[in-house]
Structures are given as C-alpha cells and as structure tokens.
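Reader: Hi! I'd like to go through this model with you, a bit at a time. Mind if I just fire off questions?

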Amino acid sequence: MMYDEIVRTHYFHEVERRRELNSSLTLPLGVLTALFAAIAAMLGSISIPFDRVEQVLAILCGFSALAGGVAISYALRAVIGYTYRHPTSMGSLAQWREKALSEGISRHRVDEDIQQIMADQYAQGAEKNSVNNDRKSGYIHTVGIWVAICLALVILSGLPYVYSRMMAAPQFPPAEGAA
C-alpha cells in the first residue's frame, strides 16, 4: 500500500469511528432518562415531614441524581468542543493547479504535488481526528461508569422506597368467619 493510500484509509477510519462514538451515547442516555424517571417517582412519593426511611430515600435519590448529573456532564464533554480536521477544499486546490500550469510547470509535476498535498492533508486530518476520537472515547467510557454507579444507587434507593410503600399499605382486618 502506498503512503497516500495508507493515510487516506486512516483518515476515513477516524471519520467512521467518530460516527460510531457519537451513536454509542444513545444507550447510556436512554438508561439515564429511565433512571431519572425512577428517581422522580421515588421522590414524588415522599411526604413532609420526613420519617427516617424517607430521609434515607431522599439522600440516596440525591446521590443517584448526582451520579446521573456527572454522567451527563461527561456525555456533554464527549460531544461538545471538538474541531475535526478535513482535507483542503477542492476549489482552492483546483485554483492552485491552474495557476501552476499557467506558470509552465509540467502537468505531471503539478499532479504529483497535488497528490503529496492531499496525502499530507489526510495525514494531518487523521492525526488530529484520532486524538479527538481517543479523548471522546475516554469520556464515553467514563459516562458508562457513572451510569452504572447511578443505576446501583437507584436500585439501592429502591429498598427504602419499597419498605415505605409496604408500611403505607392499608392493613385489612381478617375476614369474618376466618379463623
């Protein structure tokens, strides 16, 4: 494989990788949406003044929401603030080519120069995009960790929630004739 083919292949690999990384946030954000709905439902069941169980529930839901917020902040960092590099525009390259040909430079030499310019552009773009994608991948990995922490805390929050619902359930007297 020639140098220009290698860098072009690497450049387009990083472009595709960027698409895959961006789409990989769909599942964690969907899970976070469900977790925040569960947190809201549990917090909505609390009545004031709090008893001990409701205090524990509120604290656990607070930590759950905090973990979800951290996950969202890393998701935002994975999406916002990246400048990807692209090869030069074909219009400016065509203008440069026409100018070089009009100055008497041979067509073969101009085409070789263009091929080298494009190979350099693809190499620079692939390098910058690779660095961006590596950083983005790290943030997405961190999102997954914080979503797992949030999930664990929501499950833990479910324990006092279920307990408080069981204690609030009406107790029915035994049916007549049952002994």
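Author: Happy to. Keep in mind that this is a predicted model. A good place to begin is the salt bridge in which the side chains of Glu-14 and Arg-17 meet, at 3.1 Å from N to O.

Reader: Where do Glu-14 and Arg-17 lie?

Author: Both are in helix α1, which covers residues 3-23. They sit 3 residues apart, about one turn of the helix.

Reader: And is Glu-14 buried or exposed?

Author: Glu-14 is buried, because its relative accessibility is 3% and the cut-off for buried is under 20%. Arg-17 counts as buried too, at 18%.

Reader: What other salt bridge is there in helix α1?

Author: Arg-19 and Glu-16 both lie in that helix, again 3 residues apart, about one turn. Arg-19 forms a salt bridge with Glu-16, and their closest N and O atoms are 2.8 Å apart.

Reader: How accessible are Arg-19 and Glu-16?

Author: Arg-19 counts as exposed, with 52% relative accessibility. Glu-16 counts as partly exposed, at 36%.

Reader: Which residues are joined into one network by salt bridges that share partners?

Author: Glu-14, Arg-17 and Asp-134 are joined that way.

Reader: How many salt bridges does the structure hold?

Author: It holds 7. One of them is where the side chains of Arg-97 and Glu-98 meet, at 3.9 Å from N to O. Arg-97 is buried, with a relative accessible area of 19%.

Reader: Sticking with charge, which residues gather in a patch of positive charge on the surface?

Author: Those are Arg-77, Arg-85, Lys-128 and Arg-135.

Reader: Where is Lys-128 found, then?

Author: Lys-128 is in helix α5, residues 107-168. Its relative accessibility is 35%, so Lys-128 counts as partly exposed.

Reader: New topic, cysteines. How many disulfides are there?

Author: The count comes to 0 disulfides.

Reader: Why is there no bond from Cys-61 to the closest cysteine sulfur?

Author: The closest cysteine sulfur, in Cys-150, is too far for a bond because it lies 9.9 Å from the sulfur of Cys-61. A disulfide would need the two sulfur atoms within 2.5 Å. Cys-150 is likewise in no disulfide, with the sulfur of Cys-61 as its nearest cysteine sulfur.

Reader: Is Cys-61 buried or exposed?

Author: Cys-61 is buried, with a relative accessible area of 1%. Cys-150 also counts as buried, at 0% relative accessibility.

Reader: Handy for me to know. Now the backbone: is the peptide bond from Ile-48 to Pro-49 cis or trans?

Author: The bond from Ile-48 to Pro-49 is cis, with omega near 5 degrees. For context, most peptide bonds are trans.

Reader: And where is the place of Pro-49?

Author: Pro-49 is in the loop between α2 (26-44) and α3 (52-79).

Reader: Last one, about His-108. Which helix does it lie in, and is it buried or exposed?

Author: His-108 lies in helix α5. At 55% relative accessibility, His-108 counts as exposed, because the cut-off for exposed is over 50%.

Reader: How many Å apart are His-108 and Val-79 in space?

Author: They are 43 Å apart, C-alpha to C-alpha, and 29 residues apart in sequence.

How values were computed:
Residues are numbered from 1 along each chain as its sequence is written. This is a predicted model: local features need pLDDT of at least 70, side-chain atom pairs count only at pLDDT 80 or more; totals for chains, interfaces and linings use all residues. Side-chain values use heavy atoms; hydrogens and water are left out. Patches are made of residues with over 30% relative accessible area and no salt bridge: like charges are joined within 9 Å, nonpolar side chains (Val, Leu, Ile, Met, Phe, Trp, Tyr) within 5 Å. Accessible areas come from the Shrake-Rupley method with a 1.4 Å probe; for residues, only the protein chains shown count as cover. A salt bridge is a side-chain nitrogen of Lys or Arg within 4 Å of a carboxyl oxygen of Asp or Glu. Lys and Arg count as positive and Asp and Glu as negative; His and the chain ends are not counted. The place of a charge is taken as NZ of Lys, CZ of Arg, CG of Asp or CD of Glu. Helices (H or I, at least four residues) and strands (E, at least two) are DSSP runs, numbered from the N terminus. Buried means under 20% relative accessible area, exposed over 50%, partly exposed in between (1.4 Å probe, protein chains only).
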